[in-house]
Amino acid sequence: MPRHTIKFVVFIALVPFILAGCLKLESPSPPAKSNAEPQAGEVPISQKSEKTTEPASDEIPETGLTAEEIEAGWIALFDGHSLFGWKANNDVNWRVEKGIIKADTGKPGLLLTTTPFADYELRFDFRLTPETNSGVFLRTIFDPKDPGKDCYELNLCDQLTEYPTGSLVGRSKIKKPVLPSVEWQSFVVRLEGPKIQASLNGKEILNFKDTSEQQRKIGFIGLQKNEGPIEFRNIYLKPLRMSTIFNGVDLAGWRVVPGSKSKFEVVDSTIHVTAEKQGYLETEETWDNFLFQATAKSNGTSLNSGYFFRAIKGSESGMANGYEVQIHNGIKDKDRTKPENAGTGAIFRRTEARRVVSNDHEWFTTTLAAYGSHIAVWVDGYQVTDWEDTRKPDENPRKGLRLKAGHISLQGHDPTTDLNFKNLKVSSLPAESS
């Protein structure tokens with residue numbers, strides 16, 4: 001079948017800070033705004049025949065995830081009302097109608113996540129017509145030419161074809177073709193190292209281990225419009241191979257930054273922080289490209305804290321020189337699209353969260369993906385930030401782009417500080433295959 005998608009660019013190390021071999025977005029995703037904007041390939045609302053409205057400004061959007069799934073690490077790749085966090089490679093008419101991603105005209109192309117993923121469980125619903133030939137591209141580069149090398153293409157095609165639905169094009173054919181259907185169908189796909197498993201409508205149909213020299217370790221997730229109409233909904237992902245960095249018993253693996261005037265202690269298997277003035281608890285280990293997840297609770301109104309990452313080792317003269325994922329659940333005028341102090345999930349001093357979806361006095365889970373210059377943040381499974389750091393490289397992330405590994409730290413901010421943290425996990429992301 002035709003191979004069409006988007007252009008891959010190797011992120012060449014021109015300066016000491018740039019990681020050789022990283023995935024790079026051809027067109028960087030725009031800074032996160034307080035309101036979701038149409039992304040590349042999305043039809044403006046005024047042109048839609050069945051427009052999907054953004055949730056009211058005082059509402060927390062429904063992701064379809066349960067509280068248990070959110071705490072377990074699941075995130076929504078599709079928010080149900082916009083293409084925030086996605087980017088198309090051509091003029092295919094990708095659009096959102098009534099909670100469904102649709103496409104039916106244009107040359108073959110992909111709609112891809114702006115965030116690359118490595119090991120994960122993915123679940124999604126899809127609907128075909130008898131004319132449809134489509135697919136979901138896993139760990140793909142931006143413009144895959146050869147599905148046996150550049151990606152894992154999970155084929156969606158009920159026609160007579162060499163690779164029927166559930167096969168990996170150019171790599172593995174399912175043993176028994178599935179019956180054609182024009183109803184909604186559900187896939188669960190698990191990628192862990194070289195192993196790829198897939199279940200269709202609750203039945204395993206693919207169990208593949210890539211032993212070739214063309215293994216893909218990381219890449220984007222792409223929805224394909226090839227021939228005929230295609231529809232997708234309920235697209236969720238859970239990162240795998242996450243390592244716990246807080247044991248719930250003591251602060252082994254962490255240290256209080258010199259000069260800190262905050263108190264960090266283990267209470268009821270959580271890290272509890274209070275403060276006189278600013279202080280930081282940082283990891284001894286460092287990470288450059290990684291996924292991070294943590295659950296927190298702010299025990300007060302509009303309290304200020306944050307997760308710092310890729311931070312220079314803290315000292316009394318410089319306690320927190322890193323990027324900061326903001327924690328601040330305050331909003332203006334009862335409008336969740338108007339965050340106070342950038343809003344929970346923002347990259348502080350760089351972006352605003354497009355919507356505050358967490359509440360004080362309630363546990364909420366943050367997911368951070370940092371790969372090269374691209375940074376994305378989900379709060380309770382809803383993506384609030386999609387940002388590309390286009391600044392000039394600098395050792396200090398407060399001053400410019402830093403790609404070097406750095407510490408993760410928790411912030412005590414001021415005398416009102418009173419927060420708890422639990423379920424802190426990290427997964428290092430591999431460099432792109434050459």
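Two strands count as paired if DSSP finds at least two bridges between them, and strands (E, at least two residues) are DSSP runs numbered from the N terminus. The model described here is predicted, so local features need pLDDT of at least 70, side-chain atom pairs count only at pLDDT 80 or more, and totals for chains, interfaces and linings use all residues. Residues are numbered from 1 along each chain as its sequence is written, and side-chain values use heavy atoms, with hydrogens and water left out.

A good place to begin is the hairpin of β18 and β19, which has 2 residues between its strands. Strand β18 (residues 262-267) pairs with strand β19 (residues 270-275) in the antiparallel sense, over 6 bridges. Within this pairing, V273 in β19 is the bridge partner of F264. In the turn, D268 has a positive phi of about 50°.

An open sheet of 5 strands, with antiparallel pairing, follows the order β4-β7-β14-β9-β10. Because β4 (86-88) and β10 (152-156) stand at the edges with a single partner strand each, one side of each is left without a neighbour in the sheet. At one of these edges, 3 bridges join β4 to the antiparallel strand β7 (residues 109-113), and W86 has T113 in β7 as its bridge partner.

Another open, antiparallel sheet of 5 strands runs in the order β17-β20-β29-β22-β23. Its edges are β17 (254-256) and β23 (323-327); each has a single partner strand, so one side of each lacks a neighbour in the sheet. Strand β22 (residues 305-311) pairs with β23 in the antiparallel sense over 5 bridges, and here F309 stands opposite Y323 in β23.

Technical notes. Helices (H or I, at least four residues) and strands (E, at least two) are DSSP runs, numbered from the N terminus.
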